[in-house]
Amino acid sequence: MRRLLTAAVVIGLAAGGAVASAPAQATPARGESGYTPAPIAWGTCESPGLQRRGAQCGMLTVPLDYRRPRGTKIKLAVSRILHKSPAADYQGIMLTNPGGPGGSGLTLSVLGEYVPDNVGSEYDWIGFDPRGVGSSEPSLSCDGNLTTQYNRPYYVPVTRSLEKQWLARSKQYAQACAKAGGELLDHVKTTDTIADMESIRKALGAKQLNFYGFSYGTYLGQVYSTLHPERVRRMVLDGNVDPRDVWYKANLAQDVAFDKNINTYFAWVARYDSVYHLGTTGSAVKKKYYATLQQLRKAPAGGVIGPDEWTDIFTSAAYYIFDWTTIAEAFAAYVNDGDYAPVKALYDGGYPQGPGTDNGYAMYLATQCTDVQWPKNWSKWQRDNWRTYSQHPFLTWSNAWFNAPCVFWKGDVGTPVNVNGQKAPPILLISETNDAATPYAGSLEVRKRFPRSVLLEGVGGTTHSGSLNGIACTDNAIAAYLSDGTLPARVRGNRSDKQCDPLPQPDPTAAAAKSASASGGGSNRVLPDLSVLR
């Protein structure tokens with residue numbers, strides 16, 4: 001999944017991290033650790049938000065390579081918010097993951113407080129930074145300056161020179177990660193994280209786990225419940241990865257969906273031309289967007305915001321509705337008033353620069369590039385991306401270069417698990433119809449592979465992984481399932497089982513803004529801003 005970059009704590013891979021020469025044990029089954037971890041020593045969390053909630057934090061020691069459990073060890077940062085219900089109502093641990101791959105999930109243990117009817121209080125909510133991520137040790141960072149420089153070469157390789165520049169940058173980043181990551185790069189596949197999830201379960205003394213996963217986290221849920229169906233109690237999977245497309249095809253499918261969603265956004269901007277003055281039709285706004293992009297090729301705004309930065313800023317609008325008004329305001333300020341400061345502020349906020357800021361991106365690549373073999377022949381990338389770009393230009397080449405380091409990546413490549421939910425218990429799947437990061441077809445495919453699952457659809461929505469954001473129809477269904485396992489009835493056919501309203505598009509008119517201000521609101525978002533982690 002292509003996702004926004006995030007800042008992360010970087011510890012760096014320790015020198016001399018070679019695997020110890022202890023003899024290898026019998027190879028365990030995929031995703032099975034065969035390893036018994038020591039209990040977690042819980043203490044105070046560094047995060048003020050976790051401290052306010054009385055969370056506990058600690059480090060879990062696990063093998064770098066589960067085939068050699070007595071060899072090199074690494075540590076996973078884990079948080080826990082204990083259940084507050086009476087003991088008779090306690091329902092076990094709820095492991096969480098925000099997606100990515102590469103997303104820091106340490107603070108996601110707060111998620112339980114957003115489940116309606118206080119149902120979340122019946123679980124111990126567990127957040128963790130996957131191996132290589134955030135506060136886990138080691139934490140991979142390769143080159144935080146290379147990934148987010150201002151005014152980079154134009155994403156669309158309309159000349160051979162541009163293509164060579166981007167290939168060189170991609171190779172340079174892959175080489176930087178090979179140097180920084182060393183042996184870690186061989187052991188950050190999805191199946192390694194599945195084994196870590198098993199270690200967390202064992203360390204907490206739980207016979208089974210519950211799981212709430214967003215985006216890539218849904219793939220963790222799919223693979224875990226394939227390999228360990230007897231260990232699964234309940235699962236909520238929001239924004240489902242299509243297991244058929246891991247990972248090269250998944251990104252091409254995203255390009256089509258993101259192009260559709262940005263056009264939906266342009267139509268919304270046009271609907272409020274009285275506010276933004278950018279055009280009265282979606283096509284007019286779209287034309288202004290692309291005309292501005294071409295102008296920025298010739299004269300970057302303030303010397304820093306070029307066409308790539310422009311594309312990056314608008315990418316969020318195709319992911320979620322949450323930033324629609326802010327992006328439109330920056331669009332209008334630049335086009336109508338020549339003020340580029342709001343545009344630059346959006347870019348700086350979404351794409352921080354400097355050492356360590358590429359941790360999320362580095363681990364995204366480290367996992368996706370080794371989960372499965374990507375095409376090594378660049379000519380295939382050329383053909384596929386130019387073909388897609390001809391009809392869906394918005395994100396295609398941006399997305400291609402985001403993933404291009406996989407052409408040069410170092411690290412042992414695996415084979416994806418064949419996702420099969422025949423033995424899995426009933427689980428709840430969630431998706432909005434026009435989710436671009438994980439297109440809706442993926443949720444239908446997962447529903448097909450998990451015959452006891454139920455799919456809840458936010459009809460017509462364009463937001464990615466947006467559950468527990470205040471839509472009663474959706475959130476009450478989650479609460480009912482987590483309370484006693486109740487799910488909507490599964491229907492016949494290749495379709496959703498329950499339909500709900502999507503997250504609503506914002507209304508930026510003066511009357512709506514005044515109403516939101518009077519109520520102390522002004523945003524559709526209920527959860528803490530976890531979107532950049534998904």
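# A quick tour of a predicted protein model

The second largest cavity here has a volume of about 120 Å³. What you're looking at is a predicted model, and that cavity is one stop on the tour below. The protein chain has 534 residues, and 59% of them are buried. Its secondary structure adds up to 17 helices and ten strands.

**The chain overall**

- Take the contacts between residues with a separation of 6 or more: 79% of them join residues 24 or more positions apart.
- About 20000 Å² of the protein chain is exposed, and 51% of that comes from carbon and sulfur atoms.

**The second largest cavity**

- How many cavities of 30 Å³ or more does the structure hold? There are six of them.
- In the second largest cavity, 18 residues make up the lining. Nearest its centre you'll find Ile430, Glu432, Gly466, Ser467 and Thr474.
- Three elements supply at least two lining residues each: strand S8 (428-432), strand S9 (454-458) and helix H16 (472-484).
- Which of them gives the most to this lining? S8 does, with three residues.
- Sort the lining residues by type and you get five nonpolar, nine polar and four charged.

**Two helices that cross**

- Helix H8 runs over residues 282-298 and helix H9 over residues 307-319. Their axes come within 8 Å and cross at roughly 145°.
- On the H8 side, the residues that meet H9 are Tyr289, Thr292, Leu293, Leu296 and Arg297. On the H9 side, look for Pro307, Trp310, Thr311 and Phe314.
- The contact of H8 with H9 is made by six nonpolar residues, two polar ones and one charged one.

**Buried or exposed? Two helix residues**

- Gln222 sits in helix H5, which covers residues 216-227.
- Is Gln222 buried or exposed? Its relative accessibility is 0%, and buried means under 20%, so Gln222 counts as buried.
- Who touches Gln222? Setting aside neighbours within four places in sequence, its contacts are Leu237, Asn240, Val241, Pro243, Val419, Val446 and Phe450.
- Asn418 is 196 residues away from Gln222 along the chain, yet the C-alpha atoms of these two are separated by 9.6 Å.
- Now try Lys179, which belongs to helix H3 (residues 160-181).
- Lys179 has a relative accessibility of 77%, and exposed means over 50%, so Lys179 counts as exposed.
- Between the C-alpha atoms of Lys179 and Cys142 there are 8.0 Å, with 37 residues separating the two along the chain.

**Backbone details in the loops**

- Where can you spot cis peptide bonds? One runs from Glu137 to Pro138, with omega near 0°. Pro138 is in the loop between strand S5 (124-129) and helix H2 (144-147).
- Another cis peptide bond joins Val246 and Trp247, and its omega is about -15°. You'll find Trp247 in the loop between strand S7 (232-238) and helix H6 (248-271).
- Ser215 isn't a glycine, but its phi is positive, near 55°. Ser215 is in the loop between strand S6 (209-214) and H5.
- With a relative accessible area of 0%, Ser215 is buried.
- His277 is another residue other than glycine with a positive phi, near 55°. Its loop lies between helix H7 (273-276) and H8.
- His277 has a relative accessible area of 49%, and partly exposed lies between the 20% and 50% cut-offs, so His277 is partly exposed.

**A loop residue and its partners**

- Asn434 is in the loop between S8 and helix H15 (440-449). S8 is also the strand that gives three residues to the lining of the second largest cavity.
- Which residues does Asn434 touch, not counting those up to four places away in sequence? They are Lys260, Asn261, Gly460, Gly461 and Thr462.
- The C-alpha atoms of Asn434 and Ala257 are separated by 7.3 Å, while the two residues are 177 residues apart along the chain.

Key
Residues numbered from 1 in each chain as written. Predicted model: local features only at pLDDT ≥ 70, side-chain atom pairs only at ≥ 80, totals over all residues. Heavy atoms only, no water. Helix = DSSP H or I, 4+ residues; strand = E, 2+ residues; numbered from the N terminus. Buried < 20%, exposed > 50% of the residue type's maximum accessible area, 1.4 Å probe, protein only. Contact = heavy atoms within 4.5 Å. Areas by Shrake-Rupley, 256 points an atom, 1.4 Å probe, with all protein chains shown as cover. 1 Å grid on protein atoms, 1.4 Å probe; cavity = no way out; pocket = protein on both sides within 12 Å on 5 of 7 lines; lining within 4 Å. Points joined across faces, edges and corners; volume = space filled by probe spheres on them. Nonpolar A, V, L, I, M, F, W, Y, C, P; charged D, E, K, R; others polar. Axes fitted to C-alpha atoms, helices over the stretch in contact; angles between N-to-C directions.
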